[in-house]
Amino acid sequence: MIGHAFMGAAHSQAWRVAPRFFDLPARPVMSVLAGRDADRTRAAAERLGWAEAVTDWKAVLDRDDIHVVDICTPGDTHAEIAVAALEAGKHVLCEKPMANTVDEAVAMAEAAERAARRGVRAMVGFTYRRVPALGLARDLVAQGRLGRVHHVRAQYLQDWIVDPQAPLSWRLDKEKAGSGALGDIGAHIVDATQFILGDTISEVTGTLQTFVPERPVAASHSGLSGTASDETGPVTVDDAALFLARFAGGALGSFEATRFANGRKNALRIEINGSAGSLAFDFEDMNVLQFFDGTEDSSVAGFRRIIVTEPEHPYVGAWWPAGHGLGYEHGFTHQAVDFVRAIAAGTDPAPTFADGLQVQRVLAAVEDSSASRTWQQV
């Protein structure tokens with residue numbers, strides 16, 4: 001694994017736990033953790049459960065005992081690492097958004113296509129599609145329970161930088177992050193809605209806004225927070241993104257991603273309205289899916305609150321008795337499970353790098369639309 005901060009910790013938890021709850025065809029061995037600083041990487045390896053710590057990720061690619069590379073670094077490094085790892089014959093799991101630009105994503109998707117012909121697999125880490133409630137939502141749409149989908153509404157609301165004195169981090173630097181709320185959290189709702197519908201966004205119009213253009217430079221970082229220094233620097237990404245979308249299948253969508261929604265900690269919300277029913281989901285109540293069956297008699301019809309913790313629900317059978325809810329970290333475990341199973345089966349794991357490229361094209365189209373004030377094709 002390359003990188004050991006917020007996502008590195010989440011992925012490490014997944015690799016540790018997956019073989020202990022799921023029957024896997026191969027057992028992951030947490031061999032090497034790579035980072036830039038030797039002392040911090042060594043401490044992280046000990047804390048997170050990795051056998052070895054190194055500072056040169058390129059040297060690891062030459063090792064015959066390494067079969068999988070998990071990329072948990074900022075976006076500006078994804079393309080270089082992923083392409084090199086695939087060319088070295090390593091299976092690759094890459095955090096989202098897949099790249100910082102469409103050109104980088106194209107290079108990664110092409111490398112993944114070449115690698116697949118040699119039996120080498122690549123997957124993008126859109127973990128929210130592994131939340132059981134969203135898996136159930138996809139199943140209901142696929143079964144036709146919503147009929148023809150008309151509307152998609154998606155929000156991802158956070159508030160961790162609403163304080164103008166919150167320090168700069170790499171997520172506020174366009175060179176490292178590619179974009180702000182749009183790519184960091186907007187990418188998730190783009191992938192999640194396309195996953196649920198089994199459809200893709202074909203056209204967008206939107207706007208981006210930066211509310212706090214300058215912030216204190218960080219003296220230290222811890223997860224999404226940090227301590228501020230006396231120096232200030234520019235914010236070069238969007239703080240909020242709003243856009244309308246048309247799906248290839250005819251549905252109309254509205255999307256909102258912001259890290260300035262005071263009081264909202266991790267509110268990923270999706271509502272889908274169809275000719276025969278509706279679905280609604282909020283990650284802050286992640287074990288629940290709301291379902292409205294429009295075919296029922298109107299005298300008793302209403303949204304049904306489904307507790308998605310039954311053994312027949314996606315992934316849930318490997319965990320606890322019914323009613324004992326899952327949490328944020330379980331999506332990463334399900335991701336590791338799906339990745340290992342796909343590698344063993346010789347199939348492409350989803351979402352593929354081609355899927356990641358499609359999301360990247362949506363993000364780029366939103367940026368272009370914000371600059372030109374026009375509808376943009378994806």
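Visitor: Which residue follows α4, and what is the sign of its phi?

Guide: In this predicted model, helix α4 is followed by G89, and the phi of G89 is positive, near 85°.

Visitor: Is α4 itself buried or exposed?

Guide: One counts the buried residues along the helix, and here 7 of the 10 residues of α4 are buried, so α4 is largely enclosed by the rest of the structure. The buried ones are H78, A79, I81, A82, V83, A85 and L86, and they pack against several elements, among them β3, β4, α5 and α10.

Visitor: How many degrees separate α4 and α5, and what does the angle say about their directions?

Guide: Helix α4, residues 78–87, packs with helix α5, residues 102–116, at an angle of about 10°, and their axes are 9 Å apart. An angle under 35 degrees counts as roughly parallel, and α4 and α5 are therefore roughly parallel to each other, with a left-handed crossing.

Visitor: Which residues of α4 meet α5?

Guide: The general idea is that an α-helix has 3.6 residues a turn, so residues three or four places apart point the same way. In this structure H78, A79, A82, V83, L86 and E87 of α4 meet residues of α5 that include A107, M108 and A111. The residues of this contact divide into 9 nonpolar, 1 polar and 3 charged.

Visitor: What is the arrangement of α5 and α10?

Guide: The axes of α5 and helix α10, residues 353–372, come within 9 Å and cross at roughly 170°, and α5 and α10 are therefore roughly antiparallel to each other. By class, their contact has 10 nonpolar, 1 polar and 1 charged residues.

Definitions and conventions:
Residues are numbered from 1 along each chain as its sequence is written. This is a predicted model: local features need pLDDT of at least 70, side-chain atom pairs count only at pLDDT 80 or more; totals for chains, interfaces and linings use all residues. Side-chain values use heavy atoms; hydrogens and water are left out. Axes are lines fitted to C-alpha atoms, for helices over the stretch in contact, and angles run from 0 to 180 degrees between N-to-C directions. Helices (H or I, at least four residues) and strands (E, at least two) are DSSP runs, numbered from the N terminus. Angles under 35 degrees count as roughly parallel, over 145 as roughly antiparallel, 65 to 115 as roughly perpendicular and the rest as oblique. A crossing is left-handed if the near helix is turned anticlockwise from the far one by less than a right angle, and right-handed if clockwise. Contact means heavy atoms within 4.5 Å. Ala, Val, Leu, Ile, Met, Phe, Trp, Tyr, Cys and Pro count as nonpolar, Asp, Glu, Lys and Arg as charged, and the others, Gly among them, as polar. Buried means under 20% relative accessible area, exposed over 50%, partly exposed in between (1.4 Å probe, protein chains only).
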